[in-house]
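Thanks for asking me to look this over. Could you open the model and keep it beside you while you read my comments?

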2 protein chains.
Amino acid sequence: MKPETINLVLVGFGHVGRTFHRLVEEKADVLVQRHGLRLSLRAILNSRGGVLSDQPIQARIRGGEDKTNCSAFPGWRSGLTLDTVLRSIAPGALVECTPSDLRTGEPALGYLRLALDAGWHVVTANKGPLVADFRGLKARAAERGLELKFSAAVGAALPGLDVGLRSLAGTEITAIEGILNGTTNYILTRMNEGAAYEDALNEARRKGIAEPDPTLDVEGWDTAAKILILAGAILDYHLTLGEIDVRGISGLSPELISKARSQGKSVKLLGRIHRRVKGSTAEVGPMEIDAAHPLFHVRGTNKGIVFATDTMGEVVVTGGKSDPRGAAAALLKDILMIRPRK
Amino acid sequence: MKPETINLVLVGFGHVGRTFHRLVEEKADVLVQRHGLRLSLRAILNSRGGVLSDQPIQARIRGGEDKTNCSAFPGWRSGLTLDTVLRSIAPGALVECTPSDLRTGEPALGYLRLALDAGWHVVTANKGPLVADFRGLKARAAERGLELKFSAAVGAALPGLDVGLRSLAGTEITAIEGILNGTTNYILTRMNEGAAYEDALNEARRKGIAEPDPTLDVEGWDTAAKILILAGAILDYHLTLGEIDVRGISGLSPELISKARSQGKSVKLLGRIHRRVKGSTAEVGPMEIDAAHPLFHVRGTNKGIVFATDTMGEVVVTGGKSDPRGAAAALLKDILMIRPRK
């Protein structure tokens, strides 16, 4: 059987974008054999311009060196816009990996709207546009019969969305609780082993786990954004970031952690949603959990989500790489799930 | 929007079948509101006969008493066959919950083939027919554009199949390892707390966890059947039960368990598949795992599955009720996932 070809346009060429590009090339044969699918990456764009090609753009060119800069690709055109690109190629899927802006969602929000209006499916690793306008994007996709997928935005390779949206269909989800940020879980794990906050943070920076400016992570906003997206997508419970009670871990004292440990407990930065008849609540903050809690043993950069349900009891997912390769794999999975499985 | 109606036929009216019937009634309003779906259970059959109705069959009739016997339903007809029923109603989904026969797969195998040939989707909680002829059933469903779903057969509410089939699409799964049997995990948990095997088994019997004849569970065959189904469905790696190296827990000495515990380890009955270039392997047996293993903390009747992948690292699912309500909820979920989500 002849494989089906899906055109891809990649916007954003940071760690995740570059890793995705290489992964598509690495997996090309498997995708044809196992999924009957040929992914054809026809354009790569960043904020300054892009490349547009008749043929799939090769990740490794000229002696096998990886391109870390979008403008190093042959055929780079300064000022090339997404609008132009989308009108030049048969619609497929837009893969969006630009940096998250949790306030405005831009410029990604504009890219996503443009793509949906042009008949392209959207797969994103970006929390920004989902925090800014999840309902609007969802409706825009649904009206056009298109898919809006965002597994990579909510915990990279951790399959929390899949489980919440599909595996728990027909249940009443009464609570969602998650360790959704690898950086802060790493810091807390090291603090639990005796390190001071600043030392643990610096260690995370040295290992490339924490970003140079870790504010969004350590102050809890990254977790809050993910909780907001999970609540909207799975529970149809729509929040703004301002409506979530958010506390971070930057002021956390080592004494609090050692006290918890001496009681057999552990402090974790949790995002929590409780569904109640008299109003639901969402919060993010460092919380003590005991050894019987299913997230107690989630250590280092690992993540985890617990769903409490009426008919299936507690369902827990943990693991899934937090790095760019894990996020790229989640983008790829979302693309494969656009079509019904053969 | 007018809800879509799906006709259901239920075969098998044991714990799971009865619980499923009540659950469909309990969830009727939610299914219409949230999924635009009206499930209409039009027939219930067991090995002796059944009922066939123009209207959805009520779970609670005459003063609210639950029917525990199929023949107590009004309109019961001795000798009514599935063939007759399927030809009398517009095709929907067959829900199959008869007891598992791991050798022949019958009588369920015949029911499933009959239903697929008559244009009905199949949703089953039964390992038997899948162990006997997974590939044949899968091909038969695919040729007719029908769905064959079996979440409830592989760990009830534990979403291992969903994660393996969808969330890990595009990854190379190098190993699957699972605690897939609640009864034996309960016994081992109690033995780890100091109980002798016979005492732990009797306790499990008293609590209704172990069946009167627990052979299939304690000798590892239930786990082996689930591993076989996971391997076939997720990895396209097809086995017979005879090709799996199966050891149970019935001969396990308390000394072995206390020795493991003294080393900080735990003995679990694991099913394991390893994918290797030079031949894959599948085995079931009691194995020592240490505290860093993601299934170390899975206690009591809980279950869990670990997938090792190339791009997403380790992805772990645990929890999900092991009881008839969990299995019934998994059947319901499978039915909801037959159609694309709205």
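Below are some numbered points to follow along with on screen.

1. A word on the source before anything else. This is a predicted model, so please read every angle and contact below as a property of that prediction.

2. Let's begin inside the protein. The largest nonpolar core holds 216 residues, and those with the most contacts inside it are Val9(A) and Val9(B). To see what this looks like in chain B, select Val9(B) and show what surrounds it. Setting aside neighbours within four places in sequence, the contacts of Val9(B) include Leu41(B), Ala43(B) and Leu45(B). Val9(B) also touches Leu82(B), Val85(B), Leu86(B) and Ile89(B). The list is completed by Ala93(B), Leu94(B), Val95(B) and Trp120(B).

3. Next, the open sheet of chain B. Seven strands make it up, in the order β6-β3-β2-β1-β7-β8-β9, and their pairing is mixed. Its edges are β6 (77–78) and β9 of chain B, each of which pairs on one side only. Further in, β2 (residues 37–46) and β3 (residues 49–52) of chain B run antiparallel and are joined by four bridges. If you would like one pair to check by eye, Leu45(B) has Gly50(B) in β3(B) as its bridge partner. That is a handy place to start, since Leu45(B) is also one of the contacts of Val9(B).

4. Two helices deserve a look against this sheet. Helix α1 (residues 15–26) of chain B packs on the sheet and touches β1 (4–11), β2 and β7 of chain B. The direction of α1 makes about 160° with that of β1(B). Helix α12 (residues 324–336) of chain B packs on the sheet as well, touching β1, β2, β7, β8 (121–124) and β9 of chain B. For α12, the angle is about 160° with the direction of β8(B).

5. Now please move along chain B to β12 (residues 265–274). This strand is mostly covered, with eight of its 10 residues buried. β12(B) runs antiparallel to β10 (residues 173–179) of chain B, and four bridges join them. Here Ala175(B) stands opposite His274(B) in β12(B). β12(B) is also antiparallel to β13 (residues 281–290) of chain B, this time through 10 bridges. In that pairing, Val267(B) faces Glu288(B) of β13(B). The hairpin formed by β12(B) and β13(B) has six residues between the strands, and Gly279(B) there takes a positive phi near 90°.

6. Some backbone details are easy to miss. The peptide bond from Glu106(A) to Pro107(A) is cis, with omega near 5°. Pro107(A) lies in the loop between β7 (93–96) and α4 (108–117) of chain A. In chain B, a cis bond joins Glu106(B) and Pro107(B), with omega about 5°. The loop holding Pro107(B) runs between β7 (93–96) and α4 (108–117) of chain B.

7. My last point concerns an alanine in each chain. Ala156(A) has a phi near 50°, a positive value in a residue other than glycine. Where does Ala156(A) sit? Ala156(A) belongs to the loop between β9 (148–149) and α6 (160–167) of chain A. Is Ala156(A) buried or exposed? Its relative accessible area is 7%, so Ala156(A) is buried. In chain B, phi of Ala156(B) is near 50°, again positive in a residue other than glycine. Ala156(B) is found between β9 (148–149) and α6 (160–167) of chain B, in the loop, and counts as buried at 7% relative accessibility.

How values were computed. Residues numbered from 1 in each chain as written. Chains lettered and ligands numbered in written order. Predicted model: local features only at pLDDT ≥ 70, side-chain atom pairs only at ≥ 80, totals over all residues. Heavy atoms only, no water. Core = buried A, V, L, I, M, F, W, Y, C linked by side-chain atoms within 4.5 Å. Buried < 20%, exposed > 50% of the residue type's maximum accessible area, 1.4 Å probe, protein only. Contact = heavy atoms within 4.5 Å. Pairing = 2+ DSSP bridges. Axes fitted to C-alpha atoms, helices over the stretch in contact; angles between N-to-C directions.
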